[in-house]
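Dear colleague,

I am handing over the structure below, and after it I set out what was found on its charged pairs and on its surface.

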Amino acid sequence: MDVFLATMERAAGGMSAQAARLRTTSENIANVDTPGYQRKMLTFEQIALADGGATVAAGPVQLDGAERERIYDPSHPMAGNDGFYTGSNVELMVEIGDSREAQRSYEANLRVMDQARKMASSMLELLRR
């Protein structure tokens, strides 16, 4: 039974990390047109478990240091004397791709957890006989 619980613990760690990644990409997508917004990037950390194995967890959020777009719009309230203001450095297609990858990784971890649960249930049913 310990094997099944360890498998579920690892899958739960992966689900938690991918949920945090989805939140980060959602924030970036929501702020794609926000002037001055810097893209957030989530890092992952390896966490050691008591059984000698490891799982993954969401690490600190870092700001992307990529150059932000300068947009010419003299009528914009944030435009300077030269008519430019600083846009965000979020690439919508990159964020959509990241969110799909995180969603699929979450679903894969969910399937692993479900399979481990079914196997544990089947084993208990065999032991009852």
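Glu27 is partly exposed, with a relative accessible area of 35%, where buried means under 20% relative accessible area, exposed over 50%, and partly exposed in between (1.4 Å probe, protein chains only). Please note that this is a predicted model, in which local features need pLDDT of at least 70 and side-chain atom pairs count only at pLDDT 80 or more, while totals for chains, interfaces and linings use all residues. Residues are numbered from 1 along each chain as its sequence is written, and side-chain values use heavy atoms, with hydrogens and water left out.

Glu27 takes part in a salt bridge with Lys40, their closest N and O atoms being 2.7 Å apart; the term stands for a side-chain nitrogen of Lys or Arg within 4 Å of a carboxyl oxygen of Asp or Glu. Since Glu27 lies in helix α1 and Lys40 in strand β1 (residues 40–48), the pair ties together parts that are 13 residues apart in sequence; helices (H or I, at least four residues) and strands (E, at least two) are DSSP runs, numbered from the N terminus. Lys40 is likewise partly exposed, at 28% relative accessibility.

Across the whole structure, the search finds 10 salt bridges. One of them joins the side chains of Arg21 and Asp98, at 3.9 Å from N to O, and this pair links distant parts of the chain, with Arg21 in helix α1 (residues 2–30) and Asp98 in helix α2 (residues 92–128), 77 residues apart. Arg21 also forms a salt bridge with Glu101, where the closest N and O atoms are 3.2 Å apart, and here again distant parts of the chain are linked, Glu101 being in helix α2 and 80 residues from Arg21. As for accessibility, Arg21 counts as buried at 13% and Asp98 counts as buried at 18%, whereas Glu101 is partly exposed at 45%. These three residues belong to a network of salt bridges that links Arg21, Arg39, Asp64, Glu95, Asp98 and Glu101.

On the surface, Ile29, Leu92, Met93 and Ile96 make a nonpolar patch of about 330 Å², the area coming from the Shrake-Rupley method with a 1.4 Å probe, and for residues only the protein chains shown count as cover. Patches are made of residues with over 30% relative accessible area and no salt bridge, like charges being joined within 9 Å and nonpolar side chains (Val, Leu, Ile, Met, Phe, Trp, Tyr) within 5 Å. Helix α2 gives the most to this patch, with three residues; Leu92, which is found in α2, is partly exposed at 36% relative accessibility.

With best regards
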